Each structure stands twice: as structure tokens, then as C-alpha cells.
Amino acid sequence: MQNSIVTTLTSITSTIHTSKTNHPSTGGCMSNVTIQGELETILKSMKRQQLKSGPASAQLRKDRLQRCLKLIRENHKALAKAMSEDFGHRSLYQSNVADMVTTSKMLQHAIDHLDSWMQAEETTAHDPQMHTEIQFQPLGVIGVISPWNFPINLAFGPLAGIFAAGNTALLKPSELTPKTSELLAELVARYFGPEELTVVLGDADVGQAFSGLPFDHLVFTGSTAVGKHVMRAAAENLVPVTLELGGKSPVMVAKAADLSKAVERTLTIKSFNAGQICLSPDYVLLPEAQTQAFKEQARDFMARTFPSIQDNADYTAIINERHYQRLVNLLEDARQKGAEIVKLAPQDEPAYDAKSRKIAPHLVIGVNDDMAIMQEEIFGPLLPIRLYQEESDAIDYINQHPRPLAAYYFNEDTAAQQEFAQQTTSGALVVNDVMTHVSIDELPFGGVGPSGMGAYHGIHGFRQFSHAKAVVIQSEEGASNLRLRAPYGDKQAAVEAFFNS
């Protein structure tokens, strides 16, 4: 493998490592201008190299995808260990399934379908002797800002489409998972040349500078608030963006729904990764008459799936102290404003523990919009329950709020399913389940409005990170050219005939 560059930039030091030479850090405080300059140098080098190398062949694209696969498969244990250390504790199974297995399948899907994706799309021309088609060209160098909650999936998921489309990439992983990000930087340097994929490590200042680089496209996964700053910075260079921003994804339980199914499938995802998922159900719209039954079934389900929380290796901790305290504060705010708090931990265990940073799942029943828990994305194992009398009121509530990344609807009636689909707008809709769509590579993954823009996964990622170039090969006669050539006297009659037809 050729020499690889791992760039580490923080507000204090700047160090560039290569496989042969270590450059000493620059002492003192780095200004944002210095950080920006370092990053621009790296990006310019990558762009020059890409132009020099020319369009990536199908063989090279598949090779890069295969190396992504190899990196994950050969290092999945070390990556899972690093993630668990970053979280304080993270379920090994959850890391393997969500970050390693699902991502590997995404990469393999791109390898398997790349040849057909790369084919030009022929279109019908108005002149049968004219040839028209759409060619899919690489955009160039793509920036990726990935988050902490699924640090491998949300880095290599976009890379599947980026590499398939023939691009190269500069990756900025989250500073909230430092061990994982540092290991990822080391591994990328081992499996890729610096002209293909480079990892930048650093804090929020580095992220801000990264967002302002003149990429050919920028992918950001994170909060809506930060997404606005990213989009604003990208606009300075007219960089197109793909934003995956989450939001408050609702679960609507219809009156005729199978309540047991709704409870079990919703809580399965709400407890997965301790609810630290952009697609996690953020609140439930529940018929008021089913409140007690929902509570009883939730207690029973959690007792069966997590008989313990604090010492259970299957249950993941909250990422850091700040997020832990934020979630505790959300519970207390809801309690003080009249919500019923239902702890779903075993009776002999605390609701939460600051030392382990494990918070048991909670139902927060009878919420309203004055509560902080209904004003922000929760990103934790707290499940607000908003009660309704009429189903139309529940649908109105969804439509009166920002469009979510996903909506989840429980009802066995197919006509009602279609009506809900038509009446609501969300990045995705899943009926009688939660989050299923994210692992289906044939479906686009993305938000709408405040929950994001653009979509990737499968062919949708390939096309998101490609330029669809219109190509016309004129016919020998050149009829479309001739009709624009003066004099126009005889041609005007044809125009009048068009308007009179």
C-alpha cells in the first residue's frame, strides 16, 4: 500500500503523519485561518490527483469498495472495542449488526450492482436519427462529516455511493468517539492512499472549517441545528449538500392496531443503542383508551428483553455525561409539567445511574408541547406518549410539526395505511414496524424539509454522488439546428400551424 496521510487537526496542534515521516506538531494555539489553510491544502492535492488520474474505472471503484469491506471485516473486533470504550459501554451485538454487518452488506450491494449503475441511460429523442443519453460522471472529491452514534455505518454508508460513483473523499468523524475515530484514521491510512480517502480528526472548530471547504459535494449527518451551520458554510462555495438531520419521528398507533405488535416493535428500536438513533421513534400518538394496556405490555416486554439494565451487556450507555444529564433533565421537566413517568427498569434497579451512564427506557405519558421533551430530538431511551381521541387529530398533530425523517404507522387496514401515507409527509414511512427501511438498499434513505435533503443507499447513493450529464449526438441532417437558422419566413408558417393546431 502506498504512503497514506492521516491528518489530525485540533484547535491546539496540527500534526500530519505519513507512513515514513512524522512531522512535529506546531506549538501554540492554531487559528481557524490556519486550520482552514491546512484543510484546503489537502483538498487541493486530492483534486489535482483526481484530475491527473482521470475517471475511475469500474475495476478501481470495485477495488475501493472491496477495501472498505476488508477494513471492516478484518478489524471488526477492534472497532467494536473502541466504540464500547467511547460509549462507556456499548452492546457488542449492536455494534456488529448496525455498524459492521449492515454496512458490509451496503458495500457489497454496490459492488454487485456497479456495472449496471454505470451504464448510460438512453432517452428518446424527438428526431429518430438523433442519439440522446444521460451519462453519470464522478463529481470529484466529496466531504463526509459523520456522527458518533453509528460511527462506522454513517461513514462507510455514504462512502459506498461515493466510491461507486467514482469519487474520492475526505472524512471528518466525530470527536465524541475519539478512540473509534483515531482507530478509523489509522485503518484508512493502512487500506487507502491519501489521494483516495483521507481522515481529518478534530473538534468543532475543525468541523466548522471542514464545512467551509470547496468540496464537489458535502455529506453531513447530525442535528438540524448544526445542519443549518453546515449548509450556510457550504453555500459560500456553492457546494451541494446531502443532509441527514433526524428530527422527531412519530409512531401513530391506530385504534384498530395490534397493540402488542406496536409496543414490542416500537420498544425494540427505542431500546436499541439506548435510543441514540436518528430514526428512533421520538414519540407515540396513542388512543387514550389504550393507555393502561400500553403501560402493562411495555413493562412485560422490557422485563422479557432486558431483565436487567445496569449490569446487562446487551444494553448500551449514553455517549457522554452531557447527553446523560440532558436526558435526565428532560424527564424531570416533563414530570414537573404534569407528565406521568413510567420507569421500565426492573423494580430493584435505579431508573438511571450517573456512574454507568445507563438510563432505563421510560414512558412519558400525557405530554404536551410545553415540555422540553417535545421540543427537541430526544436521542435516548425516553418515549413520550401523546394521547388522542380522534385519529384525524393525531394526523393533524403530525402535519402541524416539522416533517420527520420517518413516520411509523400501526394499523392492519390497507385502506387506512394508504390514507395515512397520502395525508402525511416524511422522509420514509414504515407500516407496522419501525426503522425497517434503513437496511433495504433498494430504498432511498434521507429526510425532507427540516429532517434533511438528498438521499443515498444503493443506486440512490450512486446517483446522488454523480453528475447526470445530458449527451446529444446530432443526426446527419441536423434538423433541430436547421429550424433555428435564418431566414425565418418559410418557418414562421410552421409556428403558426403549431399554435392553431
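Visitor: Before we look around, what counts as a disulfide here?

Guide: A disulfide is a pair of cysteine sulfur atoms within 2.5 Å. Keep in mind that this is a predicted model.

Visitor: OK, how many disulfides does a search of the whole structure find?

Guide: The search turns up 0 disulfides.

Visitor: What about the cysteines themselves? Is Cys68 buried or exposed?

Guide: Cys68 has a relative accessible area of 0%, so it's buried. Cys278 is buried too, with a value of 10%.

Visitor: Let's switch to pockets. How much space lies in the largest pocket?

Guide: About 1,300 Å³. Its lining has 50 residues, and Gly222, Ser223, Thr224, Ala225 and Val226 lie nearest the centre.

Visitor: Which elements give two or more residues to that lining?

Guide: Helices H6 (204–211), H7 (224–235), H10 (321–336) and H11 (391–399) do, along with strand E8 (217–221). H7 gives the most, with 6 residues.

Visitor: And how does the lining of the largest pocket split up by class?

Guide: You get 23 nonpolar, 17 polar and 10 charged residues.

Visitor: What's the volume of the second largest pocket?

Guide: That pocket comes to about 690 Å³. It is lined by 32 residues, and the closest to its centre are Val97, Ala98, Ile269, Phe272 and Met435.

Visitor: Which helix gives the most to that one?

Guide: H3 does, with 6 residues. That helix covers 92–117, and H4 (153–164), H8 (259–271) and H9 (291–305) also supply at least two residues each. By class, the lining of the second largest pocket has 19 nonpolar, 11 polar and 2 charged residues.

Visitor: Now the closed-off spaces. How many cavities of 30 Å³ or more are there?

Guide: There are 2. The largest cavity holds about 70 Å³ of space. Its lining includes Met106, His109, Trp117, Asp441 and Tyr456.

Visitor: Which elements give two or more residues to the lining of the largest cavity?

Guide: H3, H4 and helix H13 (458–464). H3 gives the most here, with 4 residues. The class split for this lining is 5 nonpolar, 6 polar and 1 charged.

Visitor: And what lines the second largest cavity?

Guide: Ser146, Pro147, Pro151, Pro173, Ser174, Thr177, Thr180, Ser181 and Leu184. About 30 Å³ of space lies in that cavity, and its lining has 4 nonpolar, 5 polar and no charged residues.

Visitor: You mentioned Tyr456. Why is the pair of Phe445 and Tyr456 called edge-to-face?

Guide: Planes over 60 degrees apart count as edge-to-face. The planes of Phe445 and Tyr456 are at 80°, with the ring centres 5.7 Å apart, so the pair fits that label. Phe445 sits in strand E19 (residues 445–446) and Tyr456 in strand E21 (residues 455–456), 11 residues apart.

Visitor: Are those two buried or exposed?

Guide: Phe445 is buried at 4% relative accessible area, and Tyr456 is buried at 3%.

Visitor: How many aromatic pairs does the structure hold?

Guide: It holds 12. There's also an aromatic cluster formed by Phe87, Trp148 and Phe379.

Visitor: Last one: where is Asn432?

Guide: Asn432 is in the loop between strand E18 (429–431) and E19. Asn432 counts as buried because its relative accessibility is 11%, and buried means under 20%.

Visitor: Which residues does Asn432 touch?

Guide: Leaving out residues up to four places away in sequence, Asn432 touches Lys261, Arg265, Tyr409, Phe410, Asn411, Glu412 and Gln417.

Note on methods: Residues numbered from 1 in each chain as written. Predicted model: local features only at pLDDT ≥ 70, side-chain atom pairs only at ≥ 80, totals over all residues. Heavy atoms only, no water. 1 Å grid on protein atoms, 1.4 Å probe; cavity = no way out; pocket = protein on both sides within 12 Å on 5 of 7 lines; lining within 4 Å. Points joined across faces, edges and corners; volume = space filled by probe spheres on them. Nonpolar A, V, L, I, M, F, W, Y, C, P; charged D, E, K, R; others polar. Buried < 20%, exposed > 50% of the residue type's maximum accessible area, 1.4 Å probe, protein only. Phe/Tyr/Trp six-rings, centres within 6.5 Å; stacked < 30°, edge-to-face > 60°. Contact = heavy atoms within 4.5 Å.
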